Amino acid sequence: MSARQIRLATLWRREVNRFMKIKKQTIGAPLLETFLYISVFGAALGSRVGDLHGIDYVVFVIPGLIMMAWSINAFANNSSSILQQKFQGAIQDQLSSPASPLELLLAFSLGGFARGMIVAVLTFIAASLLVDLPVDHLLVLVPSLFLVGFFFSQLGVLIGVRAEQFDDVAFAQTFILQPLIFLGGVFYSATLLPQPFETLTHFNPVYYMINLIRYGFVGFSEVSIALSLLALAFATVAIFAVNLRLFSRGYRLRA
Amino acid sequence: MEPKALDIADLEKRYPTGVEALRGVSLQIEPGKLFGLLGPNGAGKSTLIHCTTGLAQPTAGAIEVFGHDAIDDYGEARAAVGLAPQEPNLDWFLTVEETLDYHAGYFGVPKRERRERTAELLETFSLTEKRGERTRTLSGGMKRRLILARAMMHRPRLLILDEPTAGVDVELRLELWHYVQKINQEGTTILLTTHYLEEAEQLCDRIAFIAEGQIVAEGSSAEVAERFGVTSLEDAYLELVGRKELSRSHIEVAADEVAG
């Protein structure tokens, strides 16, 4: 391995090590939360709702829950890890190393990405044991999940870098991220909403992400798959470019 | 000609708040020397160190470490520097052993070498028994040892010690002094900041005084004292900070007068 590869692997290992040391909080709790959503919205309410667009309600909900698990965990991991390290001053050990801004950014991003992926995969396995969950379009599902995971990893990095106190991270997660996800159609179809809420939903970027993942699993979408995938790829590249610029400038990282 | 261990030219640092922490600092440290940087709080010592190690971005000027640029194309320069900061900036999630291992990994040290070096430094700094403990459970002295061990993990050619003995007991201070002298004799260049003037006087080949972001005197401790027209480094420092009434010689004269 080259020095650069060792460096990148160590930076990433540190991120994974951090969340694995508190796995009850970082893996166990979100897994339980997702399982409770499946139980309440899927099993309990689902029996009354029946089908949605010809799909069993619990099956309709699960793709959105998998996306939600990956995105929220990727975001929460990176935002809190960066803020914690800034708070402790421990980030100085990494900033004073030969690591480039790109290496630092990739390591921070992939830490949350890994945590989100673990929770999402475990959610998928648990859901598959409970219901018959199809995977209709693997070639859409895999890139969509990876892009969603990477997008929210980047968003977590952005908020973590900008944050000066834990309140800043909590605010972003509670007042921005969660409403966007919940109102993006995880638990319902936007076509069921009255106007103007149906139209407003189309301005929520998470709506398109949920539809991509849902299409990957059950083959149903309310939006154009190609256009959504393209927009998601563009948004992910854009936020990555913004973060790289911040890391290169040392924005709120270096004095 | 062998490049300087540290070559700083016209370094300026202005913080976004408008504070001018460094105002055209130029400083050169020869390889193998033990150099002391002294000055009152807020003089610019830590800012100078942060600019050298990438923790702060200079507003103007140049920094080279063993001939390598330390500001823009900083890879080689950073690899040559080890930093033991003033504040214990340890990662609470890591154990003592992980702290050393990860640090060396950030510098690209291969796994086998990291393992050997970790064992060696744990032993040197009497940390072997604490290797599995999380850093947040360590005492202040143990944290100080770990910070120094961490700075040494990647075998830096220039070691920067920012107030390494602040708040440590006499035993540990002497232990650290011996270690610093030993690695200096083995060839490591050392930049030391300290508030203990006797420490600087005993350990350092050369000393610089920094005040209000500028180097105001540089040389051996005798040369620096002479520059201020006094006979000791302590008196020179008191002249620098405008508190010469605190000089021991003044106090002794005053005591004699009272006794007489």
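Me: In which sense do strand β1 (residues 6-14) of chain B and β2(B) pair, and over how many bridges?
Reply: They pair in the antiparallel sense, over 7 bridges. Keep in mind that this is a predicted model. Look at one facing pair to see the register: B:D7 stands opposite B:Q28 in β2(B).

Me: Which strands form the open sheet, and in what order?
Reply: A general idea helps here. In a regular strand, side chains alternate between the two faces of the sheet. Now the case. The order is β2-β1-β4-β5 in chain B, 4 strands in an open sheet with antiparallel pairing. Its edge strands are β2 (20-29) and β5 of chain B, since each pairs on one side only.

Me: What is the sense of the pairing between β3 (residues 34-38) and β9 (residues 206-211) of chain B, parallel or antiparallel?
Reply: Parallel, over 4 bridges. Find B:G36, which stands opposite B:I207 in β9(B). Then follow β9(B) to its other partner, strand β10 (residues 214-219) of chain B. Those two strands run antiparallel and are joined by 5 bridges. There B:I210 stands opposite B:I215 in β10(B).

Me: How many residues lie between the strands in the hairpin of β9(B) and β10(B)?
Reply: The hairpin has 2 residues between its strands. Check the backbone angle of B:E212 in this hairpin: its phi is positive, near 50°.

Me: Why is the sign of phi a thing to look at?
Reply: Most residues other than glycine have a negative phi, so a positive one is a departure from the common case. B:F66 is a case, with phi near 45°. Find B:F66 in the loop between β4 (60-65) and β5 (68-69) of chain B. A:R252 is another residue that is not a glycine, and its phi is positive at about 55°. A:R252 lies in the segment after α11 (225-249) of chain A.

Me: Is B:F66 buried or exposed?
Reply: Count C-beta neighbours. B:F66 has 20 other C-beta atoms within 10 Å, so B:F66 is buried. Now try A:R252. It has 14 C-beta neighbours inside 10 Å, so A:R252 counts as partly exposed.

Me: Which peptide bond is cis?
Reply: Most peptide bonds are trans. The bond from A:Q195 to A:P196 is cis, with omega near 5°. Look for A:P196 in the loop between α8 (166-182) and α9 (197-201) of chain A.

Me: How many helices and strands are there in chain A?
Reply: Chain A has 11 helices and 2 strands. Read from the N terminus, the elements go α-α-α-β-β-α-α-α-α-α-α-α-α.

Me: What should helix α10 (residues 205-218) of chain A span?
Reply: Use the rise of 1.5 Å a residue. For the 14 residues of α10 in chain A, the expected span is 20 Å; the end C-alpha atoms are 20 Å apart, so the two agree. Next, look at its surroundings. α10(A) is mostly covered, with 13 of its 14 residues buried. After the helix comes A:G219, which has a positive phi near 80°.

Me: What radius of gyration would a compact globule have with 255 residues?
Reply: Near 18 Å; chain A has 19 Å, which agrees. Its C-alpha trace spans about 55 × 35 × 35 Å along the principal axes. Of the 255 residues in chain A, 47% are buried. Contacts can be sorted by sequence separation too. Among those in chain A between residues at least 6 apart, 82% join residues at least 24 apart.

Me: How many residues of chain B are in contact with chain A?
Reply: In general, the size of an interface is often given as the accessible area lost when the parts come together. Here we count residues. In chain B 25 residues are in contact with 23 residues of chain A. On the chain B side, α1 (45-53), α2 (75-79) and α3 (96-106) each give two or more residues. The largest share, 4 residues, comes from α3(B). By class, this side of chain B has 13 nonpolar, 9 polar and 3 charged residues.

Me: Which domains does the assignment of chain B give?
Reply: Domain 1 takes 6-80 + 157-219, and domain 2 takes 86-155. Their C-alpha centres lie 22 Å apart. In the contact, 12 residues come from domain 1 of chain B and 7 from domain 2 of chain B. On the domain 1 side, β7 (158-162) and α6 (170-185) of chain B each supply at least two residues. That side divides into 7 nonpolar, 2 polar and 3 charged residues.

Conventions
Residues numbered from 1 in each chain as written. Chains lettered and ligands numbered in written order. Predicted model: local features only at pLDDT ≥ 70, side-chain atom pairs only at ≥ 80, totals over all residues. Expected span 1.5 Å × (residues − 1). Buried ≥ 20, exposed ≤ 12 C-beta atoms within 10 Å, placed from the backbone. Pairing = 2+ DSSP bridges. Rg over C-alpha atoms; globule rule 2.2 N^0.38 Å. Contact = placed C-beta atoms within 7 Å. Nonpolar A, V, L, I, M, F, W, Y, C, P; charged D, E, K, R; others polar. Domains from an automatic or database assignment.
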